[in-house]
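Let's take a walk through this protein, going from one of its helices out to the rest of the fold. Keep the structure open beside you as you read.

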Amino acid sequence: ILSQVKHPNLVQLEGFCVEGRDLLLVYEYVCNGTLEEHIHGHSKQLKWEKRLNIACEIANALEYLHFAVSPPIYHRDVKTSNILLDEELCAKVADFGLSRLVPMEATHVSTGPQGTPGYVDPEYHQCYQVTDKSDVFSFGVVLLELITGRQAIDKSRPRKEQFLVEWALPYLSDKRKLLHIMDLRLDGMYSVTGAQKVANVTK
């Protein structure tokens, strides 16, 4: 199935090897590391326009998995460390280790909660039902990281600021408040209107 999934914003499976109970998957090489490294490291390559492009590329990849593939695939672990950047800093969603195929005509997949804390859809955690909205929630967290430059969970911060979603939510509806949580490394070089549109998507 993975060998048939082909999209410019998904890491391509090149081949595999099976020997006994051992399985080796070989993916294309993506040279520029993870989105997590660029947002939370010392990189200054991710200007505002590039961040918007990356957000659109991730959205395109998820749309493909949810609606263009038959049967659909829910990724279940969308996060910045699972998004690789190529030589042009274009996004490629990677790591399908937790992914699930969705039976045709099904609206969800029932499974115990898995994924990375800070990115897991609260409804999935409560109901044990994965839907396409589970990936969309995780995508929203990635958008918040692109806006704020903060990690999904940061235990080094005061208790009320440790979880990015809870901390950022009160700032998202007001354009003036939103300016207080924008990533300082952007040096103010962004469209306030554009930032508000991205913030509206995360809500």
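The buried residues of α7 are covered by, among others, α2, α4 and α6 (175–178). This is a predicted model, so treat everything below as computed from that prediction. The α7 residues in question are G194, A195, Q196, V198, A199 and T202, which are buried.

Zoom in on Q196, which sits in helix α7. Its relative accessibility is 10%, so Q196 counts as buried, the cut-off being under 20%. Setting aside the neighbours within four places in sequence, Q196 is in contact with L172, S173, D174, K175 and L178.

Now hop over to L178, one of those partners of Q196. Not counting residues up to four places away in sequence, L178 touches I147, Y171, L172, A195, Q196 and A199. A195, Q196 and A199 in that list are among the buried residues of α7.

L178 also brings us to the largest nonpolar core. That core has 43 residues, and L178 is among those that touch the most other members, along with L10, L35, I58, L65, V142 and M182. Several elements each supply at least two residues of this core: α1 (35–40), α2 (48–68), β4 (83–85), β5 (91–93), α4, α5 and α7. Which element gives the largest share of this core? That would be α2, with eight residues.

L35, another of the core residues just named, leads on to L46. You'll find L46 in the loop between α1 and α2. Is L46 buried or exposed? L46 is buried, with a relative accessible area of 4%. L46 and L35 are 11 residues apart along the chain, and their C-alpha atoms are separated by 9.4 Å. Leaving out neighbours within four places in sequence, L46 is in contact with L35, H38, I39, R51, I54, L85, L89 and L186.

R51, one of the contacts of L46, is a good way into the charged pairs. How many salt bridges are there? The count comes to seven. In one of them, D183 pairs with R185, and the closest N and O atoms are 3.5 Å apart. Salt bridges that share partners join R51, D183 and R185 into one network. The relative accessibility of D183 is 6%, so D183 counts as buried. R185 is partly exposed, with a relative accessible area of 29%.

Another salt bridge links R150 and E161, again with the closest N and O atoms 3.5 Å apart. Both R150 and E161 lie in the loop between α4 (132–148) and α5 (164–168), so the pair ties together parts that are 11 residues apart in sequence. R150 counts as buried at 17% relative accessibility, while E161 is partly exposed at 26%. The cut-off for buried is under 20%, so R150 falls on the buried side of that line.

A further salt bridge joins K79 and D77, where the closest N and O atoms are 3.7 Å apart. Both K79 and D77 are buried.

Next, the open space. The largest pocket holds about 420 Å³. It is lined by 21 residues, and those closest to its centre are D121, K133, V136, F137 and T202. T202 should look familiar, as one of the buried residues of α7. The elements giving two or more residues to the lining of the largest pocket are α3 (122–127), α4 and α7 (192–202). Which element supplies the largest share of that lining? Here α4 does, with nine residues. As for chemistry, the lining residues divide into 12 nonpolar, five polar and four charged.

Finally, step back to the protein as a whole. Its secondary structure comes to seven helices and eight strands. The protein has 203 residues, and 44% of them count as buried. Among contacts between residues at least 6 apart in sequence, 57% join residues at least 24 apart.

Note on methods: Residues are numbered from 1 along each chain as its sequence is written. This is a predicted model: local features need pLDDT of at least 70, side-chain atom pairs count only at pLDDT 80 or more; totals for chains, interfaces and linings use all residues. Side-chain values use heavy atoms; hydrogens and water are left out. A salt bridge is a side-chain nitrogen of Lys or Arg within 4 Å of a carboxyl oxygen of Asp or Glu. Buried means under 20% relative accessible area, exposed over 50%, partly exposed in between (1.4 Å probe, protein chains only). Helices (H or I, at least four residues) and strands (E, at least two) are DSSP runs, numbered from the N terminus. On a 1 Å grid over the protein atoms alone, a cavity is a set of points where a 1.4 Å probe fits but cannot get out, and a pocket is an open set with protein on both sides within 12 Å along at least five of seven lines; lining residues have an atom within 4 Å of a point. Grid points are joined across faces, edges and corners, and a volume is the space filled by probe spheres set on the points. Ala, Val, Leu, Ile, Met, Phe, Trp, Tyr, Cys and Pro count as nonpolar, Asp, Glu, Lys and Arg as charged, and the others, Gly among them, as polar. A nonpolar core is a set of buried Ala, Val, Leu, Ile, Met, Phe, Trp, Tyr and Cys residues joined through side-chain atoms within 4.5 Å. Contact means heavy atoms within 4.5 Å.
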